[in-house]
Amino acid sequence: MEYGEERVVALVDMDCFYVQVEQRLNPALRNTPCVVAQYKTWKGGGIIAVSYEARDHGVTRNMWVDDAKNLCQDLQVARVRELHGKADLTHYREASVEVIEVMSRFAVIERASIDEAYMDLTAAVQQRLKDMSVNRIDPSLLKTTYIQGYPQSSSELEPHTEDLRSRGLHQWLASLTPSSLGEQSSAGLQLTVGAFIVEEMRAAVEEQTGFRCSAGISHNKVLAKLACGLNKPNRQTILPLASVTELFNSLPIGKIRNLGGKLGSSITETLGVENMGDLTRFSQAQLELHFGDKTGRWLYDLCRGIEFEAVKPRQLPKSIGCSKNFPGKTSLATKEEVQFWLHQLALELEERLTKDRDVNGRVAKSLTVGVRQLGDKRPSSFSRCCALVRYEATKISSDSFAIIKSLNTAGNQQAAWTPPLTLLHISASKFSDAPSSGGITGFLSTETSLSQSRFSTSQLSNKSSLDAKSVSPCKQQHGTIQSFFQKATERPTIQKDGEEEVSVGGKASPAPKSASESHSGAERRSSDVSESPRRHIKSFFQKRSTERSSSMKNSLNIVEKNNSEDCVPVVSPSRTQCENPDNEQATDVELNPNPPSGASEDLLTCDRCSQEVLAWEMPEHNDYHFAMDLQKSFSSSSSSSAATTSCNISSSSSPPPLRGGVTGSAQSSRVKTKIRGQSGPAAKKLRSQGGSASTLDSFFKKN
DNA sequence: CATTTTCTCGAT
DNA sequence: TATCGAGAA
């Protein structure tokens, strides 16, 4: 095994995934120039996915629908669902789970994004080679596979046809060194077997979900990703190490994963080179000098096609969050607006977190809140985190507000919010295993649930690969498939616990104010704030995904020996959704989320100060008392620590001066690290003097 | 103003 | 550790 060829790594990428999801739902969209867009008011909405037919017309992602229509008259537009006044991607996340479940039957996968997964096929390939003891591979097993660099010596002018693909494949197969028994197989043979597995996996994904994808098969993640893009859509590409030199000779540096941004540009500028292959002319020391030890070493290997980043066994996201922009005139300029929209985000977050807990048996412990302020060029002006102790929208939104309220320079008793906010973001992370769900929920038998799982059939039919036994025992309970009925009628209303305060659950929507005047008419939507909790009643059957199932040893020996016909996974009977027009599908009906208001009926009396407080603001109010108490208890101690923590609040408004260029000094263009390096810390220190916030405020700013 | 909404990771 | 920024889809 040669250096850099130790592994077989694949990347599978769904072709224009959101479009396929909508096309499966609505057959009229199939085989048409089609896009998925979110929102509608502003220039017809923003495009986030484009069918290949539409791409032929020049339509691209991030284009406005109105503009795209000028490129393609008969463009079909599917809309992202809107809930809580914001775009809601649940639909696509669920489709993603379908795909990942199928792929996970073939290999341990790393979820790279909603529509992409990496997999390390090394062990699977070796297993196949052992079982098959076959050293000649039938080209008919690789019907959608391209070999990058093959056929060798074909004229560049030759049209790209199936015939060309086939000639390349045959030439490649003929060049492979057959491995004798007990002998180490060649890297090329291993890639080929890997491609065979990926052919099977992609066929299974299409059969069971209806979705098509492309794939790249190579020796590392970067090459696999690159290869995947070489023959899209609905095709896969092997990228042998020996083909890298030629490919890299005319491959712009920015095409490589992680080099598409500032680092890539700085490489081009600093070294005066354009293509990936040009980097081979620089010593490792040179590259380390310019870009840092780690990046330099990475580049030195990578331009030779060598890279070692591991495929991480992880199917579940490590954070669950939601955000919404309020650009331009729609920026949030009153406290009520800020609270309202935080609550809308919190409603979605609660729903997703609750489902995640029930399905995946884990709970998030940390809540991060981020905002962007009008005029700030950075994607995030500010972010802070706090403990996440309860999955409850009112608690989440009031805590979120407490975290950011000191950003309001108008002061907390003012109606105004200054400077206006152009982005709100809340995100939950730091997951741990959920406490055992012993209570009244989750009592249905495993068998019952399992039999209803849409995965059960194929799962069980597929050898022994990943049945329950191979799953880590401690997580067994969570690993089972269960259905449950979400508590809807009886939400806990008032609870106490430890240092937690009164929190009010369930309905918490402030009564509708006059109307949407608050956010100046840009993207106004239907209001679901008044929607009854009954909406949640729908039960669902879903696999309680086992993260362990990925850490468990491979599941590769799915097929073997008779490499001819078998290996077709059992067809899932349950895919009839194409017919049924999802009522949640986007219509162009526009309703409005209710703007904030003060509701008179939701008042509680604080037992500390007898003040009337909005119920959903009670947690925050209690925080106030808590903070006051805390302040008293610290009143004698020096205020220095408070001052230090309070200061960086204002940092967002004064970005440090950008100095130093990509030229000049020794470590000239260490892009991210150094440019800010000298001025950054100094500036930060300066800013930290200015904090004149009260001690109470400082409590909220930092913890 | 107005490419959104999500993600992951590394540096500090 | 918490926060920020880069990068990607």
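Among contacts in chain A between residues at least 6 apart in sequence, 71% link residues that are at least 24 apart. That is a good figure to keep in mind as we walk through this model, which is a predicted one. Chain A holds 703 residues, and buried residues make up 50% of them. Its secondary structure comes to 23 helices and 20 strands. The chain exposes about 33,000 Å², with carbon and sulfur atoms supplying 52% of that area.

Let us begin close to the N terminus, with Arg7, which sits in the segment before strand S1 (9–14). Arg7 is charged, so is it buried or exposed here? Its relative accessibility is 14%, and because the cut-off for buried is under 20%, Arg7 counts as buried. Leaving out residues up to four places away in sequence, Arg7 touches Asp120, Thr122, Ser218, His219, Asn220, Glu307, Phe308, Glu309, Ala310 and Val311. One of these partners, Asp120, is 113 residues from Arg7 in sequence, yet the two C-alpha atoms are 7.1 Å apart in space. Another partner, Glu307, offers its backbone oxygen, which lies 3.2 Å from a polar atom of the Arg7 side chain.

Ser51 gives us a second buried position to look at. You will find Ser51 in the loop between strand S3 (46–50) and helix H2 (52–55). With a relative accessibility of 2%, Ser51 falls under the 20% cut-off and therefore counts as buried. Its side chain reaches the backbone oxygen of Thr32 at 3.0 Å. Setting aside neighbours within four places in sequence, Ser51 is in contact with Thr32 and also with Cys16, Val19, Gln23, Pro33 and Cys34.

Now turn to helix H11, which spans residues 284–291 and has Leu287, Glu288, His290 and Phe291 buried. Why do these four lie on the same side of H11? They cover an arc of only 170° around the axis, and so they share one side of the helix. The general background is that an α-helix has 3.6 residues a turn, so residues three or four places apart point the same way. In this model, the buried residues of H11 pack against two helices, H10 (262–271) and H12 (293–302). Just after H11 comes Gly292, with a positive phi of about 95°.

Helix H10 also leads us to the DNA. Together with strand S15 (382–387), H10 is an element that supplies at least two residues of the surface near DNA strand C. S15 provides the largest share of that surface, with 4 residues. In total, 20 residues surround DNA strand C, and the closest are Lys225, Asn258, Lys262, Ser383 and Arg384. Sugar and phosphate account for 86% of the atoms of DNA strand C that come within 4 Å of the protein. By residue class, the surface near DNA strand C divides into 5 nonpolar, 5 polar and 10 charged residues.

Which atoms of the protein meet DNA strand C? For Asn258, a backbone N or O atom lies 2.7 Å from a phosphate oxygen of the strand. Cys385 likewise uses a backbone N or O atom, here 2.8 Å from a phosphate oxygen of DNA strand C. Asp115 brings in its side chain, where an N or O atom is 3.0 Å from a sugar or linking oxygen of DNA strand C.

DNA strand B is the other strand to follow. Of the 31 residues around DNA strand B, Gln38, Tyr39, Lys318, Asn325 and Arg352 come nearest. Here sugar and phosphate make up 69% of the strand's atoms that come within 4 Å of the protein. Strand S12 (319–325), helix H13 (335–360) and helix H21 (671–675) each supply at least two residues of the surface near DNA strand B. S12 gives the most, with 7 residues. The surface near DNA strand B divides into 10 nonpolar, 9 polar and 12 charged residues.

Some phosphate contacts complete the picture of DNA strand B. Lys318 places a backbone N or O atom 2.4 Å from a phosphate oxygen of DNA strand B. Tyr39 works through its side chain, with a polar atom 2.7 Å from a phosphate oxygen of the strand. A polar side-chain atom of Arg93 also lies 2.8 Å from a phosphate oxygen of DNA strand B.

Notes. Residues numbered from 1 in each chain as written. Chains lettered and ligands numbered in written order. Predicted model: local features only at pLDDT ≥ 70, side-chain atom pairs only at ≥ 80, totals over all residues. Heavy atoms only, no water. Near = heavy atom within 4 Å. Polar contact = N/O pair within 3.5 Å; in protein donor to acceptor, adjacent residues only side chain to side chain. Nonpolar A, V, L, I, M, F, W, Y, C, P; charged D, E, K, R; others polar. Buried < 20%, exposed > 50% of the residue type's maximum accessible area, 1.4 Å probe, protein only. Contact = heavy atoms within 4.5 Å. Areas by Shrake-Rupley, 256 points an atom, 1.4 Å probe, with all protein chains shown as cover. Arc of directions from axis to C-beta.
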